[in-house]
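Please look over the sequence and the structure below before reading on. The questions and answers that follow take up selected features one at a time.

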Amino acid sequence: MQFSKRMERLETSVFSTLDEEKQRYLKQGKEVYDFTIGSPNIAPSKEIIQALIDAAKQPQSYMYALHDIDELRQTVKKWYQTRYEVELDADTEILSLQGSQEGLAHIALAICDEGDIVLIPSPSYPVFANGPKIAGAKIYEMPMCEEHEYLIQFDEIPEDIARKAKMMIISYPNNPTGATAPDAFYEELIRFAKANDIIVLHDTAYSNLVFDGEEGRSFLYYEGAKDIGIEFNSFSKTYGMAGARIGICVGNKEIVGMLRKLKSNIDYGMFLPIQKAAITALTQDQSVVEETREQYQKRRDMLVEGFHKAGWEVASPKGTMFMWAAIPKTYANSEQFAIALLQKTGVLVTPGSAFGTYGEGFVRIALVQSEEVIEKALQAVQKSGFFIS
């Protein structure tokens with residue numbers, strides 16, 4: 001059999017590989033504490049679940065959706081006004097996604113031609129690179145380094161690359177580093193993009209998971225952002241709806257319209273009960289968001305303190321549901337370290353190399369386990385003496 005050459009641009013997901021390793025250890029009767037995939041274990045509110053159940057009982061819900069219902073678009077419009085102080089046109093500037101990842105996988109098909117340059121952060125979530133690769137675009141990695149607090153340095157991007165770039169993907173609060181970006185960063189981003197005629201996609205899946213009193217903002221809050229860009233937002237982490245697969249694309253109407261045109265040729269819209277659940281998520285008492293944020297912050301604090309006691313000096317992230325930790329210098333690379341950690345302690349983390357060139361030397365730790373499991377994992381690490389030289 002012969003398959004498309006575009007598939008040669010992709011590799012098997014690192015998460016599939018890690019799950020295979022996990023299953024091997026479980027078959028040996030060993031306990032594994034899995035901190036790899038960012039799949040929330042905090043359930044949606046009862047109101048969200050009930051809305052989904054009620055809508056699923058309606059026979060008409062099983063027809064093709066074809067487009068977002070007006071109630072969803074109007075609800076998103078009001079939510080962006082209230083939560084982010086951003087005005088959106090419900091008819092032209094809002095589009096649902098079947099999860100942000102679906103949008104990230106497809107957006108380059110709507111914007112880029114073969115050979116176009118897409119600027120992506122490094123480290124970054126793998127689909128940031130894989131989506132453009134599927135479209136035949138070329139990737140340029142923008143380093144996100146610890147010494148710059150993981151903020152992209154636009155003045156370090158070569159002028160010829162900046163002039164040729166078609167699209168740029170940005171994401172703060174950032175997965176995997178947990179970094180946030182100040183107002184000045186977004187103002188510089190918009191100036192840079194306008195000067196070089198670059199379309200900006202801002203992934204803000206974690207804007208409601210920012211810790212220590214800091215508030216996450218929308219990219220579209222900043223003057224001029226809507227002129228050159230769009231934003232993807234997600235219900236997965238904020239409302240515990242990862243499996244429901246719902247995200248939204250908002251912003252520049254021309255870009256939103258082009259993605260809508262592409263999606264009209266790919267799918268038939270989002271299952272209506274999911275749309276109803278999303279409406280409930282945005283209109284319910286939003287104290288559930290604060291409760292979720294507090295749970296993630298408590299998990300973060302437990303892991304930071306516990307790893308420090310065990311001899312691993314990990315940094316405390318400002319936001320997201322991830323920790324980004326430098327590996328001990330005694331290990332050649334992050335994959336070697338991750339396997340050794342699993343073998344000695346049962347703790348499974350994601351090698352930083354999975355997130356791009358500049359992810360090497362680190363591992364990502366997802367805050368997806370309960371406090372009880374975290375405590376057991378930390379006891380296993382401390383008992384092992386793994387970090388004691």
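Q: What does Arg9 count as at 31% relative accessibility?
A: This is a predicted model, in which local features need pLDDT of at least 70 and side-chain atom pairs count only at pLDDT 80 or more, while totals for chains, interfaces and linings use all residues. Three classes are in use: buried means under 20% relative accessible area, exposed means over 50%, and partly exposed lies in between, with a 1.4 Å probe and protein chains only. Because the relative accessibility of Arg9 is 31%, this residue counts as partly exposed.

Q: Which side chain meets that of Arg9 in a salt bridge?
A: Residues are numbered from 1 along each chain as its sequence is written, and side-chain values use heavy atoms, with hydrogens and water left out. A salt bridge is a side-chain nitrogen of Lys or Arg within 4 Å of a carboxyl oxygen of Asp or Glu. For Arg9, the N to O distance is 3.8 Å, and the partner is Glu114.

Q: How many residues apart are Glu114 and Arg9?
A: Helices (H or I, at least four residues) and strands (E, at least two) are DSSP runs, numbered from the N terminus. On that numbering, Arg9 belongs to the segment before α1 (14–27), whereas Glu114 is in the loop between α4 (100–111) and β3 (117–122). The pair therefore links distant parts of the chain, with a separation of 105 residues.

Q: What is the relative accessible area of Glu114?
A: Its partner Arg9 is partly exposed, whereas Glu114 is exposed. The relative accessible area of Glu114 is 58%.

Q: By about how much of the helix are Arg163 and Glu159 separated?
A: Side chains of opposite charge can pair when their charged atoms come close. Here Arg163 forms a salt bridge with Glu159, with 3.8 Å between the closest N and O atoms, and both residues are exposed. Because they are four residues apart in helix α6, the separation is about one helical turn.

Q: Which side chain meets that of Lys194 in a salt bridge?
A: The N to O distance in this salt bridge is 3.1 Å. Distant parts of the chain are linked by the pair, since one partner is in helix α8 (residues 225–228) and Lys194 is in helix α7 (residues 183–196), 33 residues apart. Lys194 counts as partly exposed at 41% relative accessibility, while the partner counts as exposed at 52%, and that partner is Asp227.

Q: Which residues are joined into one network by salt bridges that share partners?
A: A search of the whole structure finds 20 salt bridges. Bridges that share partners make up one network, and the residues joined are Asp70, Arg73 and Asp91.

Q: How is the aromatic pair of Phe235 and Tyr239 classed?
A: Rings of Phe, Tyr and Trp (its six-membered ring) pair if their centres lie within 6.5 Å, and planes under 30 degrees apart count as stacked, over 60 as edge-to-face and the rest as tilted. A search of the whole structure finds 24 aromatic pairs. In the pair of Phe235 and Tyr239, the centres are 5.9 Å apart and the planes are at 40 degrees. Phe235 is buried at 1% and Tyr239 is buried at 5%, and the class of this pair is tilted.

Q: Why does the pair of Phe307 and Trp312 fall into its class, and which class is it?
A: Phe307 counts as buried at 2% relative accessibility, and Trp312 likewise counts as buried at 3%. The ring centres lie 4.8 Å apart, and because the planes are at 65 degrees, the pair is edge-to-face.

Q: Which residue follows Tyr172 through a cis peptide bond?
A: Tyr172 is part of one aromatic cluster, which includes Phe154 and Phe185. The cis bond that leads on from Tyr172 has omega near -10 degrees. The residue that follows is in the loop between β5 (165–170) and α7, and its name is Pro173.

Q: What is phi of Leu66 near?
A: Leu66 is in the loop between α2 (46–56) and α3 (70–84), and this residue counts as exposed at 59% relative accessibility. Its phi is positive, in a residue other than glycine, and lies near 65 degrees.
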